[in-house]
Structure formats: structure tokens, C-alpha cells
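Biologist: Could you take me through the pockets in this one, slowly, and then show me what packs around them? I'd like the cut-offs spelled out as you go.

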Amino acid sequence: MAVTFLQRNVHRIISHIERRSLSGELLKKQRQNLFRALFYVLMGEPQIPQNLIEFCEEEKIEPTLNRLFQALGSQCKLPQALHSRILKSVSLKRVQEKWGVSKSDLALVKRVVKEADIDPQDEHHLLHRYYESGDLEWLAEVENEQDEVDVIISVQALEEMLLGVFETYKVPKSKKEPFSEVFGLCLGMASRNRVTKKGTGQKTKWFVYVEKAVPQIRAKAGTSSVIPNAKSISALVETSQSLFPQLEIIGDYHSHPYHTAGQIRRYRGWEASTQDASDIALLYRELRNLKSRKHRMRVSFVIAIARGKAIRNSKSHSKDTNVVRFTMAGCHVYISAYRILSDGSMSSKGVVLQSPYRETFLKVA
């Protein structure tokens with residue numbers, strides 16, 4: 001059987017620990033602590049324990065340790081597998097299939113745990129107590145796999161979004177710019193419910209409630225881009241804390257205006273662009289790092305709009321549960337909702353967009 005990347009590098013570190021232990025250079029407690037530190041690395045701790053660094057430097061195997069540390073969570077999905085298996089109770093078969101971790105890799109982890117004399121479940125709980133989810137970059141992949149999100153927009157928030165979108169679309173910005181994008185922030189709250197199923201493990205169902213949508217007047221908007229104003233964001237953060245202390249900045253929205261409905265369909269204008277994803281990641285980090293009050297963005301909306309008459313019996317161009325399509329005031333409108341994961345990335349997986357208007361004019365074509 002071929003030796004995996006994990007086995008090759010972990011075995012090398014273990015062999016050096018055992019050699020020093022057999023020669024009497026390591027006490028039993030020191031040996032256990034080194035195995036414990038190695039397990040911390042394997043389960044995806046964002047920094048290497050100092051005692052393991054010093055040991056590997058002395059043994060001239062620091063490159064091996066660094067190579068292992070850099071690969072875990074990216075090239076080697078062991079942290080995702082351990083989190084899914086230990087904390088989410090996902091079946092061994094599913095863990096192996098999803099994260100590409102072999103039985104021999106997991107057997108090696110068991111050996112490390114045994115030599116360290118620790119409870120892996122306790123250590124995982126401590127990991128999440130000491131670090132924010134955003135510090136564990138690999139955790140977003142597990143969230144995307146195990147979590148689902150229902151996005152519920154209030155009537156008021158939806159109307160506020162649409163009023164801004166329609167105004168910036170129907171009122172020319174200039175002779176050269178027939179329309180412009182619009183950007184705004186959403187205020188709301190989130191709750192969750194956890195359900196455990198045999199095999200798939202613990203699933204977390206998030207409910208994201210959007211209560212208000214505030215357009216940003218000072219944003220720099222053009223026909224194909226919109227740049228938020230940092231001072232405007234700060235003003236909203238400060239003011240909303242006084243007006244709506246029960247709400248947090250739960251997300252954002254921006255529009256994608258087109259000349260025709262055909263262009264929306266051709267370019268799938270309801271989908272977020274690469275630039276959108278980059279901008280959201282930056283805004284997410286800024287709001288999470290505020291000193292006064294940290295805000296956790298959970299949803300991002302893309303609203304595509306173009307002129308055109310309603311088409312009866314038209315085929316759907318998007319059957320995704322995170323997208324709704326409707327016609328209003330002589331325009332075609334698509335609204336898509338994306339969840340924002342703990343690393344700031346966007347995902348449509350497991351997202352269901354709900355609205356009190358769905359049964360009236362928000363009908364999926």
C-alpha cells in the first residue's frame with residue numbers, strides 16, 4: 001500500500017520523538033506533550049505549538065513540520081475530516097469519501113491520540129473555545145457541507161431593496177450612463193437548529209432574518225460596479241447600534257443592471273462575480289474586526305434587473321432554491337441569496353430564499 005503524504009511526514013516526526021524517548025532524552029511527560037502538540041497540528045490549529053517547533057528545530061526536521069502544517073486543511077483535508085467525524089458524528093465512510101482521508105491516515109491519528117493520552121472530543125471543543133471560527137480557515141468547507149441556510153426577507157426589507165434598485169435603474173445617472181448599480185447593507189438576526197441523522201451526522205439549519213435594507217447614498221456607483229464608502233459603513237454601524245440595538249449587520253445587497261432581460265439570462269446576471277466575492281470577503285473581515293461591536297455577515301444578495309414585458313409560460317433559467325424571479329413595473333428582476341461562510345467566502349449551496357411575497361408576485365418562472 002502506498003504511503004500517503006500525511007503518513008510520510010507524521011511518521012518522520014514520530015520516529016524522532018521515539019528515538020529521543022528511547023535514549024532517555026525525553027521524559028514521559030515531555031513525550032506526551034509532543035504527541036499532544038502534534039495532534040493539535042493535525043486537527044487544524046492555526047498555529048504550531050512552541051514545544052513542537054523547538055523539538056523539530058533541534059532534530060533538523062523543521063521543514064517537515066512546516067510542510068505538514070501548510071498542507072493541512074488545504075492539500076490534506078484531515079482537519080475537515082476530524083471535525084466532521086468527531087464533532088459532527090458523520091459516518092466513517094462519508095468522511096473518507098468526502099475528504100479523501102484513508103483508513104490508514106485515521107489509524108495514524110488514533111495512534112497519536114493514544115500516545116498523547118487525550119480525549120479528541122475534548123480537545124476539539126477546546127480548539128473552538130480558544131479560536132474564532134474565522135481563524136480556522138478550513139472550517140468553512142465543513143460549514144458548506146454540513147450547514148443549510150433559510151433566508152427570510154421581511155416585506156419592509158424587500159421593498160427597501162427594490163425601491164433603491166428601481167430608482168438607480170430607471171433614473172439615468174448621466175447621458176453616458178443610463179443606469180447604475182446600487183449597494184446597501186441589511187440589518188437582521190440569525191438563529192439555528194441542529195439535527196443529527198444517521199450517517200450524515202449533525203446538520204445545522206440556520207435561519208437568517210433580514211428586517212431592514214439600507215441603501216448607501218455615498219457609494220461610488222457606475223453601470224457595472226459599485227464601491228462602498230467606508231465612512232458610510234461606519235456611520236451606519238454607529239447609528240444602527242442606537243436605533244436597532246437588537247439587530248446586527250447581517251448582510252449586504254447590490255444590483256446588476258442590464259439593458260435587456262435576454263442579457264440577464266445570457267450572462268446569468270443573478271450570479272455573484274469573482275469581484276463580488278472578493279469585495280464581500282473584505283467587508284466581512286472589516287465588520288468582524290470592529291472594536292465597538294462585531295457584526296457577523298451571513299447573507300449577500302445580488303439583484304439583477306432589466307426592462308422587458310412579462311413572458312407567459314417561459315422556461316426557468318434558474319431552478320436554484322436561492323434564486324427568485326419576477327416581473328414588476330416593466331422590468332424583469334432576479335434576486336439571488338448567497339450565504340457567507342466563516343472565512344468570508346460566498347456559497348449558494350444549501351441556501352433557500354424565502355419571502356412573504358413569493359405567493360403574490362415573487363413567482364419562480
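Modeller: Here is a walk through the pockets, followed by the cores and the ring pairs. Keep in mind that this is a predicted model, where local features need pLDDT of at least 70, side-chain atom pairs count only at pLDDT 80 or more, and totals for chains, interfaces and linings use all residues. Residues are numbered from 1 along each chain as its sequence is written, and side-chain values use heavy atoms, with hydrogens and water left out.

The largest pocket comes to about 720 Å³. A pocket here is an open set of points on a 1 Å grid over the protein atoms alone, where a 1.4 Å probe fits, with protein on both sides within 12 Å along at least five of seven lines; a lining residue has an atom within 4 Å of a point. The volume is the space filled by probe spheres set on the points, which are joined across faces, edges and corners. Lining this pocket are 25 residues, and L139, E143, R192, R194 and W206 sit closest to its centre. Elements giving two or more residues to the lining are α5 (78-87), α8 (120-130), α9 (139-146), β1 (147-153), β2 (183-197), β3 (201-215) and β9 (331-340). These are DSSP runs numbered from the N terminus: helices are H or I with at least four residues, strands E with at least two. β3 makes the largest contribution, four residues. By class, the lining holds ten charged, nine nonpolar and six polar residues, with Asp, Glu, Lys and Arg as charged, Ala, Val, Leu, Ile, Met, Phe, Trp, Tyr, Cys and Pro as nonpolar, and the others, Gly among them, as polar.

Next, the second largest pocket: about 380 Å³, lined by 20 residues, with V226, I227, P228, D279 and I280 nearest its centre. At least two lining residues each come from β5 (226-227), α11 (230-243), β6 (248-260) and α13 (274-288), and α13 has the largest share with seven. This lining splits into nine nonpolar, six polar and five charged residues.

Now for the packing. The largest nonpolar core has 49 residues, and L38, F39, L42, L52, L68 and L78 have the most contacts inside it. Such a core is a set of buried Ala, Val, Leu, Ile, Met, Phe, Trp, Tyr and Cys residues joined through side-chain atoms within 4.5 Å; buried means under 20% relative accessible area, with a 1.4 Å probe and protein chains only. Among the elements supplying at least two residues to this core are α5 and α9, and α2 gives the most, eight. Beyond neighbours within four places in sequence, L38 is in contact (heavy atoms within 4.5 Å) with V10, I13, I14, L52, L68 and V112. Another core of 38 residues lies apart from it, including M161, I264, V323 and A337.

Finally, there are two aromatic pairs. Rings of Phe, Tyr and Trp (its six-membered ring) pair if their centres lie within 6.5 Å, and planes under 30 degrees apart count as stacked. Y169 and F179 are stacked, at 5.2 Å centre to centre and 20° between the planes, and both residues are buried. W270 and Y334 have ring centres 4.8 Å apart and planes at 15°, so this pair is stacked. It joins the loop between α12 (261-267) and α13 to strand β9, 64 residues apart, and both W270 and Y334 are buried.

Notes
Buried means under 20% relative accessible area, exposed over 50%, partly exposed in between (1.4 Å probe, protein chains only). Rings of Phe, Tyr and Trp (its six-membered ring) pair if their centres lie within 6.5 Å; planes under 30 degrees apart count as stacked, over 60 as edge-to-face and the rest as tilted.
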